[in-house]
Every structure is written in structure tokens, then in C-alpha cells.
Amino acid sequence: MRAERYKAVALEMATSIRAGDLPAGTRLPTHRELAHERGIALATATKVYRELAAAGLIVGEPGRGTFVRDLSGFAGMEPRRLPVDTRVADLSFNQPLAAEQGEHLRHALRDMACEGDLGSLLAQQPPGGRSTDTAAVATYLLDRGIDVPPHNVLLTAGAQHALDVILAATTTPGSTLVADELTYPGLKLLADSRCLDLAAVRCSPDGTDLKSLEKLARTRKISVVYVMPTVHNPLGFVLDAGRRQRLVTLARRHDFAIIEDATYAFLDPGSPAPIQTLAPERTFYVGSFSKNVATGLRAGYLVAPDPDRIRLIRALRTTTWGTSSLSTALVTRWLRDGSVTRLEKTRREDAKQRQAIARRAFQGFDYHAHPASYSGWIHLPSEIRSDQAAHRLAQDGILISTGDAFAVGSASPNAVRIALANPTIHELPRLLDRCRDALSTL
Ligand SMILES: Cc1ncc(COP(=O)(O)O)c(C=O)c1O
């Protein structure tokens with residue numbers, strides 16, 4: 001009977017947290033107060049909080065109390081959090097876009113209007129894309145050391161779509177998906193919507209802790225491991241060749257698939273060979289044209305092992321069927337005429353400059369980033385609460401992400417991630433100074 005009581009209270013509180021009735025940062029009653037309010041024993045109140053913490057909904061901070069965690073995932077994708085007229089800058093989500101890209105698009109559309117069979121762009125594309133378009137991506141991937149026939153490349157509506165399609169094809173509800181304890185928030189949303197059991201492996205600014213993965217693999221059946229080996233989001237690390245090889249060895253020994261998310265890989269072309277080249281039989285390589293070209297294109301791709309192709313095509317059919325013909329035609333054109341390569345080079349230089357500005361602004365902070373990455377991760381001292389600092393900045397019209405958005409399971413980093421790509425490079429120093437001030441004041 002008593003066991004049911006603690007579950008009932010935990011469920012009621014979890015529902016209020018998920019519904020936003022208890023917003024992020026809310027200080028919850030002490031264990032003793034909760035026991036008194038609910039007429040339950042102190043030990044039962046403790047069990048309620050343990051249950052909520054294990055579900056990732058609350059965090060206990062020694063000496064300070066128990067708080068509701070920030071579950072929003074992407075602060076920047078929730079416009080309701082910040083009315084347009086008070087919005088100063090979105091440093092919560094990277095959408096790199098150079099001013100001249102609008103003109104570049106105008107020229108491409110004008111040229112396309114005057115040549116070829118425009119009507120074909122109104123026709124439905126086959127799921128996974130036409131062979132001319134997949135061939136353009138396969139050729140582009142040669143520069144990354146990935147040598148696959150166009151047949152193994154499937155076009156998607158961005159990397160997020162690619163991830164969902166891969167999870168649809170490789171998991172069933174309840175399957176274990178493993179990710180770094182700090183990972184890309186979009187993966188958490190997908191795991192939730194597909195009812196997967198998302199498990200965390202330890203990670204640090206040095207990389208994924210493979211000992212922690214090995215321990216996990218010995219205790220439970222893992223279906224898929226998700227990694228970002230080249231320019232990790234949010235920590236910025238690049239896994240060295242040795243760790244990539246060890247991950248593959250573990251995958252073969254314990255028979256799990258690997259998702260290699262290469263969304264930011266263009267920022268470090270000198271990184272070790274992709275995991276896909278080490279284990280093509282079990283690696284799903286995911287790429288995107290969002291960060292190197294433009295987010296609004298909604299264009300991405302995946303490289304898949306042969307036997308999984310049919311299941312992936314079925315998953316593509318059940319989601320968007322195919323990709324937009326017009327976006328795909330633009331991407332193929334820009335791959336063939338060298339625009340993508342040129343944009344990537346410019347973007348690397350741009351990201352390096354922004355990173356240098358950020359390093360200056362956050363001197364003296366526990367700051368982690370790749371030297372050419374578009375974001376920085378700041379670990380805060382315990383007296384500064386990340387959600388309060390983010391809330392203060394939001395009131396000034398500046399959005400940043402709290403560490404909770406990236407945390408898997410019970411990990412609860414007191415940290416923030418600052419995305420550097422959106423403002424102009426001239427605005428950036430002033431905005432980062434405002435962030436620094438907010439992150440330094442109690
Ligand atoms: C690591 C990572 N993977 C995937 C995505 C999704 O990219 P897309 O816009 O191509 O769906 C993002 C977007 O921020 C990302 O950071």
C-alpha cells in the first residue's frame with residue numbers, strides 16, 4: 001500500500017512538472033515539508049524525490065534544496081518563452097547564415113529557371129532520393145574518406161529526420177539507445193517519442209568514456225550507440241583514432257549498431273577517419289546541410305549498410321516520403337559547382353573568429369569548446385545556478401541553453417551552452433559580455 005502511495009505522489013508531481021505547472025527552476029519543498037503537506041512518512045517523501053530525480057525531472061543541490069530541471073530541450077525553438085518584441089539575440093540554437101547567401105540563392109534560382117526541365121521539380125522524388133542527387137552526396141563524401149556507392153546514400157529532410165528514420169529501422173519500443181551523458185537534445189526528444197530506453201555513458205571534454213560503455217554493454221543488451229565523434233555538441237571534443245577503433249571493437253563484440261552524427265564534422269576536416277569507414281557494416285552515418293549551407297533547406301542524408309536499406313526506405317515512406325525536390329536540386333547544384341566546399345571553408349574561418357571572441361569573453365570561466373566550433377560549454381560554480389542565469393538573460397532578451405537540455409538520465413550539470421553562430425560577428429562581443437555578467441552575478 002505504502003509503495004503505491006509514493007508512486008502516486010511522484011506521478012502527480014511528474015505530471016505537474018511535464019505540464020509546466022511547476023516550471024524549471026522552481027524550488028520544491030524540503031523532504032520534511034513534502035511529508036507534512038502530503039501526510040506521508042519522511043522516508044516516503046525521500047522515495048518520491050528519488051523517483052523524480054531518476055526520471056530526470058528534478059535535481060537536488062546539496063545545501064540549496066531540490067529544484068525542477070529545465071526540460072525545454074531547445075530554448076530557442078520555443079518562441080513562447082520570449083516574445084518577438086523583446087528578443088535581442090538567440091544564443092541557444094545555431095543557424096549559421098552569411099548575409100550574401102540570399103543573393104547566392106537568387107542567382108541559383110534565376111539560373112535554374114532558365115535551364116533544364118523545371119517541371120520535374122514538381123514531381124514526387126523516390127524515398128531516399130534520385131540517383132543523380134545521391135551520387136552528388138556520395139562524391140562529396142569522398143573528401144571525408146567515405147567511399148560508398150550512391151545506392152547506400154539516402155536523402156532526408158535534415159539530420160534530425162535521418163536520426164528518426166534510423167531509430168525507426170533499428171529499434172522497437174523499449175530498446176536500449178545509448179548516448180553520452182551530455183548529448184544533442186534532439187536525440188532525447190526522439191528517444192522519448194519512440195519510447196526507447198535512453199542510457200547514458202560518462203563523457204568529459206576529452207571524449208566518450210568507453211570503459212563506462214563497456215560496463216554498460218556487459219550488463220544489458222544495447223541496440224544502438226549514438227556518437228558525435230567529430231566536434232561533439234555540446235562539448236566540442238573530437239574522438240581520436242584509437243577511441244574510434246575501440247568503439248568499433250566493442251560494437252562488434254556486443255553486437256550493437258552505431259549512429260555517427262557528423263552534423264558539425266565539416267568544422268574539423270583534419271579529424272581522424274569516420275567510424276563509418278572502420279565499421280561500414282554496422283554504422284549509420286548522418287550528415288546535414290543545415291550548418292554548412294542553410295538550416296531552412298531541411299536537407300540531410302544518411303549512409304547505411306546494405307541490409308538495412310529496405311527498412312530505412314520504409315521508414316522514409318512513413319515520415320516525409322521523400323525530400324523537397326527544390327531543396328534537393330539546390331543542394332546538388334551547390335555540391336557540383338563547389339559552393340558547398342567554399343561555404344564550409346568560409347564557415348570554418350568564421351567559427352574560429354567567433355570562438356576566439358568567446359574565449360576572450362569567458363576568460364577565467366570553466367569554458368570548453370573546439371577551436372572551430374560554433375558553441376561553447378561553461379561549467380558554473382555551485383553558487384551560480386544555470387537556470388537562474390539563463391532566466392535573467394531571457395528577461396533581457398538573450399536566449400541561451402542550460403546544461404539540462406543536453407543531460408541524459410540523472411546527469412545534472414550546472415552549466416550553460418552558448419551558441420555563437422546567429423548574431424553578426426560585430427554584435428557578438430557585446431552580447432557575450434552581457435552573458436558573462438549574468439553568469440558572474442548571484
Ligand atoms: C548534433 C546535431 N545533430 C543533428 C542536428 C539536426 O540538424 P538538422 O537541422 O539537419 O535536422 C543538430 C542541430 O542542431 C545537431 O546539433
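1. Let me start with V225, which comes out buried, because its relative accessibility is 3% and the cut-off for buried is under 20%. Bear in mind that this is a predicted model. V225 sits in strand β10, residues 224-227. Setting aside residues up to four places away in sequence, V225 touches V178, L213, L247, F256, A257, I258 and I259. I258 is worth a look in your viewer: 33 residues separate it from V225 along the chain, yet the two C-alpha atoms are 4.9 Å apart.

2. Next, L187, which lives in helix α7 (residues 185-193). Its relative accessibility is 0%, so L187 counts as buried too. Which residues does L187 contact once neighbours within four places in sequence are left aside? They are L167, L177, A179, L198 and Y226. For a sense of scale, take G296: it is 109 residues from L187 in sequence, and the C-alpha to C-alpha distance is 20 Å.

3. L187 also takes part in a helix pair, with G186, L187 and L190 of α7 meeting Q160, L163, D164 and L167 of α6. By class, that contact has 4 nonpolar residues, 2 polar and 1 charged. Helix α6 covers residues 159-170, and it packs against α7 at about 35°, the axes being 10 Å apart. The crossing is right-handed.

4. Now the other helix pair, α13 (residues 339-361) with α15 (residues 428-440). The angle here is about 35° and the axes are 9 Å apart. α13 passes α15 in a right-handed crossing. On the α13 side the contact uses R354, I357, A358 and A361, while α15 brings L428, P429, L432, D433 and R436. Sorted by class, this contact has 6 nonpolar and 3 charged residues, with no polar ones.

5. On to the cores. In soluble globular proteins, nonpolar side chains tend to be buried together. Here the largest nonpolar core holds 29 residues, and F289 and Y301 have the most contacts inside it. At least two residues of this core come from each of α4 (101-114), α5 (131-142), β5 (153-156), β13 (300-303), α12 (325-336) and α13. There is also a second, separate core of 28 residues, with L177, A179, L190 and F284 among its members. Two of those names should ring a bell, as L177 and A179 are among the contacts of L187.

6. Last, the rings. How many aromatic pairs does a search of the whole structure find? The count is 5. One of them is F289 with Y301, a tilted pair at 5.5 Å centre to centre and 50° between the planes. F289 is in the loop between β12 (283-288) and β13, whereas Y301 is in strand β13, so the pair links distant parts of the chain, 12 residues apart. Both rings belong to buried residues. F289 and Y301 are also joined with Y140 in a cluster through ring pairs.

7. F362 and Y367 make another aromatic pair, at 5.6 Å centre to centre. Stacked or edge-to-face? Stacked, with 20° between the planes. F362 is buried, at a relative accessible area of 1%. Y367 is at 10% relative accessibility, and therefore counts as buried as well.

Conventions: Residues are numbered from 1 along each chain as its sequence is written. This is a predicted model: local features need pLDDT of at least 70, side-chain atom pairs count only at pLDDT 80 or more; totals for chains, interfaces and linings use all residues. Side-chain values use heavy atoms; hydrogens and water are left out. Axes are lines fitted to C-alpha atoms, for helices over the stretch in contact, and angles run from 0 to 180 degrees between N-to-C directions. Helices (H or I, at least four residues) and strands (E, at least two) are DSSP runs, numbered from the N terminus. A crossing is left-handed if the near helix is turned anticlockwise from the far one by less than a right angle, and right-handed if clockwise. Contact means heavy atoms within 4.5 Å. Ala, Val, Leu, Ile, Met, Phe, Trp, Tyr, Cys and Pro count as nonpolar, Asp, Glu, Lys and Arg as charged, and the others, Gly among them, as polar. A nonpolar core is a set of buried Ala, Val, Leu, Ile, Met, Phe, Trp, Tyr and Cys residues joined through side-chain atoms within 4.5 Å. Buried means under 20% relative accessible area, exposed over 50%, partly exposed in between (1.4 Å probe, protein chains only). Rings of Phe, Tyr and Trp (its six-membered ring) pair if their centres lie within 6.5 Å; planes under 30 degrees apart count as stacked, over 60 as edge-to-face and the rest as tilted.
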